[in-house]
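Me: Hi! I would like a close look at one part of this model, with its cysteines and aromatic rings in view.

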Amino acid sequence: MAVSHEDLRYMAAAMRLSRWHTGLTATNPSVAALVVRDGAIVGRAVTAPGGRPHAETQALTEAGERARGATLYVTLEPCSHHGKTPPCADAIVKAGIARVVVSLTDPDPRVSGRGLANLREAGVAVESGVMEEEGRRVLSAYLMRQTRGRPQVILKLAVSADGMIGRRGDGQVSITGPAARAQVHVLRAETDAILIGIGTALADDPELTCRTPGLQARSPLRIVLDRRLELPPTSKLVRTAREVPVLLTSLGSAADGSGRPARRAALTDAGVEVMVTESLDMLLNALAARGVSSLLVEGGAAVATSFLASGLVHRILLFEGAVTVGADGIASPLTRADIPAGFRLLREAAFGPDRLTEYERSF
């Protein structure tokens, strides 16, 4: 059966639904499933927080007997392996689904085409690759971790009208307005981890949590690049480490040097995790191994420059404010005039007087 206009409409609806739990599903991707029968949605679900149950089994449960003979729309190939739960492909066959429409094949080697093959062998009609480009964008962080063994790195910069990201000695400087800042908190809620350098941590004493009403429980893992373990125990990050996890990363040895063992002990006693790694590449590999699919790099010109120079940035979010910083400003490592080669403009948006341009790199 050819892909119809209705197939595209329902898959687009599934894509929108899948965003509901982005950043909440641990090592699993946020997948959506719709059960459609006689032109009506009779079951719908998105991967549950924590990663289980999967979307397909929840949607089938909601549909009940109405699933028999229906079409299932799912944004990612149903799993075919036995893990903590039985395979979704088996549940689909048992429910009597007649047709399955899928956007993406799962690159997970435990699945990777076998889910679709199992459905076809059981007599279920399967259409795959529906809205594939959009599906890849929606699940880009998961796909990056699965195929490249590292999280998707999103660089966020707020740049003033005169090309600055702050002012020396002034701590935090408001470059964008409330609407743009609220959007950044939404972005934090959708990512698995957020990273800044120790310079930003010392200058601004940020909390790096989601403070938008309704999103407070969705704050990501907070990471600080801190070679000499300088983060003060009195900082907001350390004082809230038992509420929202904090990972302190030393690129090099954190065990050597005067006073460092004592500083490390004080930080770990406060609930901060300390990780020693040799490079940004190794840090990304370690984060992926613990299930981090997306990393938001927020703070520090030096940190942003390091990620850019290493070729580790996959998306750039450039917020431009109307304010002028002036004397003693800290120059942004990036402006719209010098976006690196290989990035393409993905979208533009306005948040009050502020402007957002988003760029994407192909890998």
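Is Cys79 buried or exposed at 7% relative accessibility? Please go on from there to the sulfur atoms and the ring pairs.

Reply: Happy to help, and please keep in mind that this is a predicted model. Cys79 counts as buried, because its relative accessibility is 7%. A search of the whole structure finds zero disulfides. For Cys79, the nearest cysteine sulfur belongs to Cys88, 3.6 Å away. A disulfide needs the two sulfur atoms within 2.5 Å, so a distance of 3.6 Å does not qualify. Cys88 is likewise in no disulfide, and its nearest cysteine sulfur is that of Cys79. Cys88 also counts as buried, at 1% relative accessibility.

Now to the rings. The same kind of search over the whole structure finds two aromatic pairs. In one of them, the ring centres of Tyr10 and Tyr73 are 5.3 Å apart and the planes meet at 40 degrees, so this pair is tilted. Tyr10 belongs to helix H1 (residues 5-18) and Tyr73 to strand E3 (residues 71-76), so the contact ties together parts 63 residues apart in sequence. Tyr10 is buried at 6% relative accessibility, and Tyr73 is buried with a relative accessible area of 4%.

Phe319 and Phe351 form a tilted pair too, with 6.2 Å from centre to centre and 40 degrees between the planes. This pair links strand E13 (residues 315-320), which holds Phe319, with strand E15 (residues 343-351), which holds Phe351, across 32 residues. Both Phe319 and Phe351 are buried.

Back at Tyr10, there is a charge to consider as well: the charged end of Arg9 sits over the Tyr10 ring, 4.8 Å from the ring centre.

Methods: Residues are numbered from 1 along each chain as its sequence is written. This is a predicted model: local features need pLDDT of at least 70, side-chain atom pairs count only at pLDDT 80 or more; totals for chains, interfaces and linings use all residues. Side-chain values use heavy atoms; hydrogens and water are left out. Rings of Phe, Tyr and Trp (its six-membered ring) pair if their centres lie within 6.5 Å; planes under 30 degrees apart count as stacked, over 60 as edge-to-face and the rest as tilted. Helices (H or I, at least four residues) and strands (E, at least two) are DSSP runs, numbered from the N terminus. Buried means under 20% relative accessible area, exposed over 50%, partly exposed in between (1.4 Å probe, protein chains only). A charge sits over a ring if NZ of Lys or CZ of Arg is within 6 Å of the ring centre and within 35 degrees of the ring normal.
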